[in-house]
Every structure is written in C-alpha cells, then in structure tokens.
Amino acid sequence: MEKIERRQFIKLGLFSTAGILVGSFFAFAKTEKDIEVNSYEDLLKFDWGYIVDTTRCIGCGSCVRACKVENEVPEGYFRTWVERFEITKDETVYVDSPKGAIEGFNRDNAQTAEIVKAFFVPKLCNHCYDAPCIQVCPVGASYRSPDKVVLVDKEHCVGCGYCVQACPYGVRYINEEKGVADKCTLCYHRIQKGLAPACVNSCPRNARIYGNLKDPNSEINKVLHQRRYGLLKPDLGTNPKCFYIGLDKEVK
Amino acid sequence: MRDRKHIVTIFSLIVFVIIIGVIARLILKPDSFGEHGQYRWNAVSELQKQEIVNQNISTCAKCHDDIYQLHEKDAHFSVPCVDCHGAGNLHVLFHEGGDSAKQITKEQAALPKEYKLEGCLFCHKKLKARPSDFPQINQEDHYKFLNVPDLKTKCIECHSPHQPVFMLTAVREARIHPIVYRCTECHDKKPEQSFKEVAGHPAIFECNDCHPKIVKSFNERPHHKYIECRTCHLYHKENETTGRIYKNGNARFCLLCHEKKPFKDENYPPKIEWPSHVGNSNIITKSDEKICLNCHADRIHDMDVKIRANPHSSDWVSTHKNFAKVQLTVCQGCHTSNDCSSCHSKTKPVSHNQNWRKQHPSFGAKNQSTCEMCHKKDACMNCHKLSMPHPKGFEDNHKEVATQKGKAVCMNCHKEEFCKQCH
C-alpha cells in the first residue's frame, strides 16, 4: 500500500509539472512581430538628459496636462507635476501642488504672512544612473535602456510595488487598472522619433530642456556649461540625470 | 550497495531538477530577455510603438501657415499650439484622411477655438511665485481699471491670442490708451501726411486730443525738447481706477537722468549730487517724504490733470452708432455699459414719468439733440402737427399757421387765456 501511494504521488507530480509546463508554454509563448525600431547600436549613441529651469517656470501646468493626455496617466497620479515653494518673512516654507498643478495655481498659498521668496519647481523622474528602483525589482521588469532611460517592462512587471517604495523622489506609482508599476518614460516613443517629450513640447517658457548628453554640441550640454545647476537629493548616491537650474536649498 | 542506491537516487533527483529547471527556463524565459542586459529587449521596442498624441507645432503649421506666421512673430511664439487647442491627434488623423479617419467623428476632430478665461489665467494670473518679469494680472483690478463690469468677459475680446502684444485690430486702430502708437509702428517711414488728411484712416487718440492745455504748457517749458509724454507716462497704473497715467513721480525716477554720475555728461541735463542735494536745501530735511515734483513741478507742465477736452466730434450723437458697432471695446476704455443704457435701455428713461408731458417742452427747447437720440426728428409732428419748438420768427407768422392748421392745434398746449394776453 505504502509503495503504491508513493508511486502514484510521483506520477501525479510529474504529470502536473508537465501540465503546468505545457500550459505555461501556451500562456507565455508569443509570436514575434516585425517592428521597426532603433537598433541596440543606435541607442548606444544616446544618453538622454533633462534640465528644469526653475527660474523660468511660471507654474501654468501645461506640462502636467500634456503628459496626462500623452501617456493616459490615471486620475490622481502624475508622471510630472509642479510644486510651489513660498518662503515667508519668518522663514516658514509653504509647499503645495494642488492636483499636481493640472489646473494651475489659483492663488497664493501663504495668505497670512508676507512672502519674500517664491518659485515653482517641476518634478519628474530623474532617470538616475544608479537607480534604486532598478536594483530592487525582483523580476527584472525595471530596467535601464541602452540610451540610459529608466523604464518599466509592463508585460513583465508583477506589480509588487517595491520600486514605488524604493524611489526617493516619489515618481513611481502603481497603475491600478493594469496592475503594474508605471513612471515617466521621458516619452520614449517621442524621443525615438526625434520629437521632444510631451512636457518639453508643451512648455510655453522653455523651462524644460532635454537632449543627448553624449553629444558635446547638443543644446543640453551648452546650457549645462553656461548655467549653475543642482541635483535633487545628491547625497543619496542615486546619481540623478535631471539637472535643476536655480535650485533652492528648501527643495528636496 | 544500499548506500550506493541512495547516492544514485539523490544524484538522479538533482539531475532531474536541473533538467526541469533548464526546460522551464527555456520555456518560461521571455523572448529577448538578457539579450542586452537583465531586461526584455523587446520591451524597449514595444514602448517605441506607443502612439504620439500631442502634436508638434510644425505639424499644425503645415495646414495653418497663416496663423503660424502671425504666432511666430509675437510674444506667444514659444507657446505651442497644444497648450490652448488640446493634443490634436484626432484632428490631424481626421483631416489627413485614410482608414483611421473613418472612425473619428467631426465633433471629436474639432479643436477648441475660443479658449476660456481660465485658460489664459493658467499663465497670466498674478501669483507671488511667478517670475516678476512675466506679464500677469489680477483680474479684478484689471477689469475695474478698464471699466469692464462683467468679470466673465473673455480675454480674447481685446487680446488676440496669436498676437497678444498687439491688441485686436479694432482696439488697436482706435489707439486707445495705454498703448500709444507712432506712425513708424505700422509704416516703414514717417509719412509726410498727417493721418487726418488720409481718408478712412483709423482715428489716433493723441495726448493733445484730451489734454490740450497740459500739452501746451508742457511745450512751453524746458523738458519738451528732450522728452515726450510717454517718457514718463508709460502705462496706466492698473491699481488706480482714476485712469491716471502717472508712471513714477518719486526721486528715483527723476534721478535716472539728473543724478551726477562719473559716466554721465557733466553739463546736460542739469545734474545734482544725491542725496546731499536734499541736505543743502534749507526747505527739506528728510528725503523719503519728498519727491522732486514737490518743488520742481513747474519745470514740467501744469499739474491740474482735470483740464480735459471732449475727444468726440460735434456730430458724435448721430455717428457714434456706427463706431460702437465695430469698436465697442474702445468705448469701454472710458465708458461703462451704464453710459449706454442711460439712453439705450428698452424701458423709458426715469425722467419720462407722468409729469413728463407737462415738463418736456422746456426740456426739449434746451436739449433737442438729447431727444433725438431716441426720437426721430419729426416725432414732434405726430402730436403737435408743427415742427417743435417753434422756429424763429414764429410770432410774426403764427396767424397763418393757426388759420391753416386750425386753432385746435394751438389748444393742445396753450389755453384760451394765452391768446387773450395779446388779442
């Protein structure tokens, strides 16, 4: 009796393993499609960088609206948003970003005290060279593309949310509809075709600049050589690639 | 022997697990994973296929080149079309035609043409956090200053979104304050003729039209050779509803020219040491409360701003209709809509009460033109059967009129006793 049970058990195990294997083969196997994309070697020529000029931003929220439409970002989440910093005479710092500034800013936030310094800071993914979100991904769905853009493989992501917690800048969110992590892709589909990302395209004040850091003659390198810029949370060692012109110490 | 059997079992199990693992990896590993790193290479290309939604300004320019040309040359040149008109992907697909166009309705393809007020205020609402050099308004102050009573009035009533610096043509041609134009802003060279000699030329409001006495007094004093009105009076101050165009009367403004500085010409214009100038004078002890104009106003011009002239021509009552039809916004520069409704309301004017019948002759005799704003010229004939008021010399020929039209006509207004006074 005992022997038969064990044999049956092994048989059952083998069959079920085989069943799962065959089933998963059909489930995961995909026919390859022919798509025209830039080759790996082409992509290696690029290193996309980004500049935010906080001295020029007027907080209109055009970028937030454009991004939302371009990437179908679910309501309540943002791939880019605009923060407002107001510093009053008694050194109190007011920070706000109503609805990510998708409807702009209606009135001054600090109503009671006298504002001595105030400015807008647009935020987005920093596309760090040493991105913590990539390190923590258990399935290899967060990755850095050959042209140094931090991306999410939506087919592969299991939606565990580790990366959302790992990002020190809070730029990732879980797309509840699809159950995957999502973030700024620097409008990867646009930059590959030579178009500016939606936020850069929509900025009426040219407060956002993007470009190829590997090209010494690119616009972005010219600006970086002329202007003084800062990085967000440089002490964390994430090595971010989003450069902020006119950054204040209050901006974290 | 028994031990050996165990070892074989263990090793075969391990081999089996490895084989299963290898097979599972072969089957489960996504295509292209690890080709160029620890990620699925195909994911990169999948992202590249995402559809482009926001249209580039050059795409818009392909069809709307006329607007593009205007837009390029004005202050909004860096504002892309998508900011006001929406993403526009359906619009482009629909008008390009083809298969994909069939699924799009005309409504979906339409883009918002008239942008709402809030849209402009996204950028131009006054906020402390905006760079101070960026044009921004406090809507209430702006409208109060311009005498616009309806706060829902859209910006595009005056400002063309494609050419914001130049206001809408109708307003621009009227040369309303605060924008004072010169001939050369439209013409290449200063024309030889005055605009008044050119038929159909839009009216130009010059300072002299409304403030002739001030301009005259200015021209008699030393400043007029070197500066003009708008050197000091740049714009209306928006937070003042009185309509003064007094830019800056404080010392700092005058000192721009008159302060002694090593890089300036020593002799002209007259220079002063600052702030020792204040100390040297016996009159002034503190500088912060005194402005140059307190002492030197007579060097500039008469300071009574209330001296005004009427800019309208004598036949304005009858001709203003045509002007207001086209350029109402110009009228609103000075007048409120109350001014219109005081004559043009559908209800009777307040003065036309039950006693009006008795009172109107004396009013009509003095202010005939006011009556004619609403009543036709021959309206008097309807009741009086005569042109009213009585023309000159009526006393002499009234006998003829009375016999011709009958005495009853006179009795409408006059009583029997009136005749008896003379007859």
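Trainee: How many residues does the contact take from chain A and from chain B?

Mentor: The contact takes 49 residues from chain A and 37 residues from chain B, where two residues are in contact if their C-beta atoms, placed from the backbone, lie within 7 Å. This is a predicted model, in which local features need pLDDT of at least 70 and side-chain atom pairs count only at pLDDT 80 or more, while totals for chains, interfaces and linings use all residues. Residues are numbered from 1 along each chain as its sequence is written, and chains are lettered from A and ligands numbered from 1 in the order in which they are written.

Trainee: Why is A:P146 called partly exposed?

Mentor: A residue is buried with 20 or more other C-beta atoms within 10 Å of its own, exposed with 12 or fewer, and partly exposed in between. A:P146 has 19 C-beta neighbours inside 10 Å, so A:P146 counts as partly exposed.

Trainee: Which residues does A:P146 contact, leaving aside neighbours within four places in sequence?

Mentor: They are A:Y40, A:L43, A:L44 and B:H36. The C-alpha atoms of A:P146 and A:L44 are separated by 5.4 Å, although the two are 102 residues apart along the chain.

Trainee: What makes strand 2 and strand 4 of chain A a pair?

Mentor: Pairing requires that DSSP find at least two bridges between the strands. Eight bridges join strand 2 to strand 4 of chain A, running antiparallel, so the definition is met. In the open sheet of three strands, the order is 3-2-4 (chain A).

Trainee: Why is one side of strand 3 (93-96) of chain A left without a neighbour in the sheet?

Mentor: Strand 3 of chain A stands at an edge with a single partner strand, so one side has no neighbour in the sheet.

Methods. Helices (H or I, at least four residues) and strands (E, at least two) are DSSP runs, numbered from the N terminus.
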